[in-house]
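Thanks, everyone; I would like to walk through a few packing details, taking the sheet before the helices and the rings. Please have the viewer open as I go.

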Amino acid sequence: LRLGDEWAGKQGRCPRCQAVLDIPAASPPAATGATPSQAAAPPGPAFTQPASCAPPVKPVAERTSNQARAGNRSTSRTGIPARLDRDGQACPSWDNVSAPPPLPASPPRPPGMRLVWHWLTVSPGILLISSAACVFVLLALSLAFVLLGGRGGQPSDSDPLAAGPTTGVEFAPAESAGDEELRKPPPQTPREAARVEAASPEKPLPTPAAKTVPPAPTAGIRPPPTDPVRSPAAKIPAPPSGPRKVSPRELTGISRRYDDMECSRIQQRHGRRVPPAATILEVDGKRLAVAGVGNLQASPCPYLFLPRGEHIIRWREGERAIDVSIAEDLGATYADMRTFFAVAGNIRSDELFSRGARTMDVHRTPFLLNFTGAAYAARNEWQAAERRFRRALRVNPLFSPAHLNLAHCLAKRGQKDEALRELYLAQAFNVGDVFGLQPGIVQLGREVGVTPSQLEQPPAVDCRVDVYVASEPLREEDRRLSAILTAASKYAVREEDCGKILNNLAVHFADTGRPELALDHFRSALEAFKLAGPDRFELARRVLSQMAATCRRAGYVEADEYTQMQNAVMP
């Protein structure tokens, strides 16, 4: 065997018999007498193979042919070139002695198995990322369903009436006065139910209206009850402790048709709110005989009602007119409301009471207040009826039926000048006979000595809202105190604090013997409590108890109504 110089003096193993061989040190080649084959061999140590693995000796002819055929070079079975010995046999290189045999090839896998094996071994990260994405999408869909589930699919509005006027709403036909069972209200979502209980901020809600027939005059006028003598330091008693009494008028079975929410929509559809900067009221080129239009902003909802059709409205001098379209007849809708509450006959007082109890005696439309005043007038309680008509005009001083009914009350009391003033306002705000009140206005005008020709061109009347708040005088000290506490209530952070400040102002007027002013501020406190936290019902019951005590000391018949309302207020 021929080895490289690096193996000189080391041990090796024979590639054929695996015997351990001692490799001698390298010796220089002989200077003379070398055969051509020896001269061609590379330098290096040489040793003789053991006899056990020596190859058989081939004949000279066969060796010569092999040498010629191989070109004095050959290739081992591993592909590594091997040197030839002097006999022409290939001498395997020591490099391939320890080369391991090639591994057997593994059987090929089917295509499907190769794909599965690829996904299980090569792409675990892809599977992990895909699973996480699916879980995230499912969580997002679940969260969206939870957030939108309580809305009934309706768009978001932080405020209950912030959505603006709704057009195209159809109301069910009104039931006759003799119906024993009231039709059940349409199903309401939790958000719509919360709207009924929450206070309605100023937002136009159009609605139809109809003609108002003034209450039939009855013989005799009930004299106003005298105020009982009491100490100025008397305090309003707190509501009794213990279990709450059950109201004699249960609210179960009472419908919600024409409730305060629906009446607000009726007002919005059939009227237009007077803007704060308005100085005139001009409809279709005709200016209404009303002065002091800026005073209308002292009311919560100053809406001017218009008949069906196309109109042109102007609020200020020199400004461009506004086109307004009214699609429904307000007179027909108002007539349906009168029929539903049986205003012309035995008025359904329980229905009116239930709507006041549900809103904690806070209304944003004059319709129900006007009907309640008619109910008091039908029982010959004209003082209570007048207070209700005034309160309806406190909410909307442009409501013509309440002006006509208040004129009847004032005429029965003999206050002709004040009755004539209200009659002129009823004529001015009855634009195009929108309520169908013209026959009643002409009839009352004859009673107070006004001809129809004078009613067609009435003098301009100053519409002051403060005259409908109370008929009691207000001292300078009271004005200052009212201004300070009212301003402080506007800067209160919580609605509970705002309501308590207004309640204290109402207690001051109740203690000083001015119940009408006290009741007006008590209602302002209730309006604040309607938007308060979980204690709003208990706070409302205490305020209603104070209102009942104030009315009882003043001799007002509304004391029993507020007591029943106090028992009816519940979560």
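Two strands pair if DSSP finds at least two bridges between them, and strands (E, at least two residues) and helices (H or I, at least four) are DSSP runs, numbered from the N terminus. This is a predicted model, in which local features need pLDDT of at least 70 and side-chain atom pairs count only at pLDDT 80 or more, while totals for chains, interfaces and linings use all residues. Residues are numbered from 1 along each chain as its sequence is written, and side-chain values use heavy atoms, with hydrogens and water left out.

In the sheet, His-311 has Val-324 of S12 as its bridge partner, and strand S11 (residues 309-314) pairs with S12 in the antiparallel sense over five bridges. The open sheet has four strands in the order S8-S7-S11-S12, with antiparallel pairing. S8 (286-287) and S12 (322-326) are at the edges with a single partner strand each, so one side of each has no neighbour in the sheet.

Turning to the helices, the axes of H19 (residues 536-554) and H20 (residues 558-568), which are lines fitted to C-alpha atoms over the stretch in contact, with angles from 0 to 180 degrees between N-to-C directions, come within 8 Å and cross at roughly 165°. That makes the two helices, H19 and H20, roughly antiparallel (over 145 degrees, whereas under 35 is roughly parallel, 65 to 115 roughly perpendicular and the rest oblique).

Finally, the rings of Phe, Tyr and Trp (its six-membered ring) pair if their centres lie within 6.5 Å, with planes under 30 degrees apart stacked, over 60 edge-to-face and the rest tilted; that rule gives 13 aromatic pairs. Among them, Tyr-258 and Phe-340 are edge-to-face, at 5.5 Å centre to centre and 70° between the planes.
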